[in-house]
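User: Could you take a close look at one part of this model with me, starting from a single piece and working outwards? I'd like one connected walk-through, with the cut-offs spelled out as you go.

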Amino acid sequence: MSFDYDLFVIGGGSGGVRAARIAAGQHGAKVGLAEESRMGGTCVIRGCVPKKLMIFASNAPLMAEEMRGYGWADAAAGEFSWRDFRAKLDAELNRLEAAYTSGLNNAGVEIHHQRARLADHHTIELTDGTRKTAKHILIAVGGRPARPEIPGAELGLISDDLFLLDELPKRALLIGGGFIACEFATILNGLGVETVQAYRGDAVLRGFDREAREMASAQLQDIGVDLRLGLSPMGLEKTGDRTTARFDDGSADEFDAVFLATGRAPYTWGLGLENTGVRLKDNGAIAVDEWSQSSVPSIFAVGDVTDRVNLTPVAIREGHSFADTVFGDKARQVNHDLVASAVYLRPHELGSIGLTEEQAAERGPVDVYSAVFRPMRSMFAGSDARTMMKLLVEPQSDRVLGCHIFGPEAGEMIQLAAIPITMGATKADFDAAMAVHPTAAEELVTMRSVTRRHGGEK
């Protein structure tokens, strides 16, 4: 049977673009790709990249305050211009989108700037009615923000909207306690917005190490975010030009903008999956095996649409491994067990890899090496901000099971710590590394005494 393409990719985000470019450019496959929105997907256009640039911008007031602690009496952040920032941000995103498109074109990928759906196991139907056939189909459409099921939810903004605002609100509510909610609260607060964050739990960032979660919660409050824990929204309603939020404790409050950051859902609706028999998980994600293959042999899926580990580098690795396996005669699987991640708060970030202390304790005996201290830089400036370095070690094997860092540039540090941990490093390997002084990171190689032990003999 002949096909129009060896591979057709639905979705032009990080995972889909990598798979298409490797399959075509390195392995000689004939590849088509359809993207209904902007090339680059969530991370490049409405996620990681613009968010990180906004984090940088929002840090100016804290930096000015710190510099005053170093003797710069006239240090001030000055007046922030959202309009100027937006113009420069839009230009940068346009540049990145062009780079993604150019990379695909140079690899020989045929791009279709429209939505695609599946007509059967090997057939894709584009919005204009054109049908294309492919031996293999890769779904890489990612996820979309999910609105909570409360009255008036349509009045709330989603994460995508922050990057498209004509002007910043004077007072805003963030609903949620995950990555997006905490980072957006940090951004808005730093840009001068009176920021309230409501989360139903007793500490933000569920799923991370408990000690780090408590430090992140305290930091949000310390920088001026009105963090209201144990509180859930019951409904939103319009009050003139503002939005009123009602909460489960009977209270109500008015805001210029309400951002809903309560999670994301796999973007599988409208894909025509019912025409193929592809099996879905209960939450709508595409069920795949260790090779990213669905229940239909010709259809694969990578990235957030599979709801495995929903991070951009994971989607990229999955897409690359898929292309090497199917078209490059290089069978490769992705290990989802050890994936480093970072939450970009300010002034201290949270970096994490491996088991949390709670997970490690449930699994068996674990030694906890932990240091909580005031880093030299902020301490000299008069700040009480605390940094945490934590290693979780299996006593019998001495292997490091997890590392958690809460401090300045934790994202940069956890990337480097991830290399030895992924290689199976032991605590002795960390101890053997010479410290770099004076740094905060030297604590990772100078902690010699067990802070606490879970399970086993004391």
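Analyst: Let's start with a definition: a residue is buried when its relative accessible area is under 20%, exposed when it is over 50%, and partly exposed in between (1.4 Å probe, protein chains only). Helices (H or I, at least four residues) and strands (E, at least two) are DSSP runs, numbered from the N terminus. This is a predicted model, so local features need pLDDT of at least 70 and side-chain atom pairs count only at pLDDT 80 or more, while totals for chains, interfaces and linings use all residues. Residues are numbered from 1 along each chain as its sequence is written, and side-chain values use heavy atoms, leaving out hydrogens and water.

Our starting piece is β19, where 7 of the 8 residues are buried. Who are its partners? Two strands count as paired if DSSP finds at least two bridges between them. On that basis, β19 (residues 366-373) runs antiparallel to β20 (residues 387-393), with 7 bridges joining the two. If you want to trace the register, Ala-371 has Met-389 as its bridge partner in β20, and Val-372 has Met-388. β19 also pairs with β22 in the antiparallel sense, this time over 3 bridges; here Val-368 has Arg-452 as its bridge partner.

Stepping back, these strands belong to an open, antiparallel sheet of 6 strands, in the order β17-β18-β21-β20-β19-β22. β17 (341-343) and β22 (452-454) are the edges, and each has a single partner strand, so one side of each has no neighbour in the sheet. From one strand to the next, the twist averages 15°. Angles like these run from 0 to 180 degrees between N-to-C directions, using axes that are lines fitted to C-alpha atoms (for helices, over the stretch in contact). Contact itself means heavy atoms within 4.5 Å. With that in hand, look at helix α11 (residues 410-422): it lies across β17, β18 (349-354), β20 and β21 (400-407), and runs at about 10° to β18.

What happens on the way into β22? In the loop between α13 (443-446) and β22 sits Arg-448. Its side chain meets that of Asp-431 in a salt bridge (3.1 Å, N to O). A salt bridge here is a side-chain nitrogen of Lys or Arg within 4 Å of a carboxyl oxygen of Asp or Glu. Asp-431 is in helix α12 (residues 427-432), 17 residues away from Arg-448 in the chain. Arg-448 is partly exposed at 48% relative accessibility, and Asp-431 is partly exposed too, at 25%.

For contrast, have a look at the other sheet. It is open, with 4 strands in the order β10-β9-β8-β14, and its pairing is parallel. Its edge strands are β10 (226-229) and β14 (257-260), each pairing on one side only. Between β9 (residues 194-199) and β10 there are 4 bridges, and Val-196 has Asp-226 as its bridge partner in β10. Helix α6 (residues 179-190) lies across β8 (171-175), β9 and β14, at about 165° to β9. There is a salt bridge here as well: Arg-171 to Glu-194, with the closest N and O atoms 2.9 Å apart.
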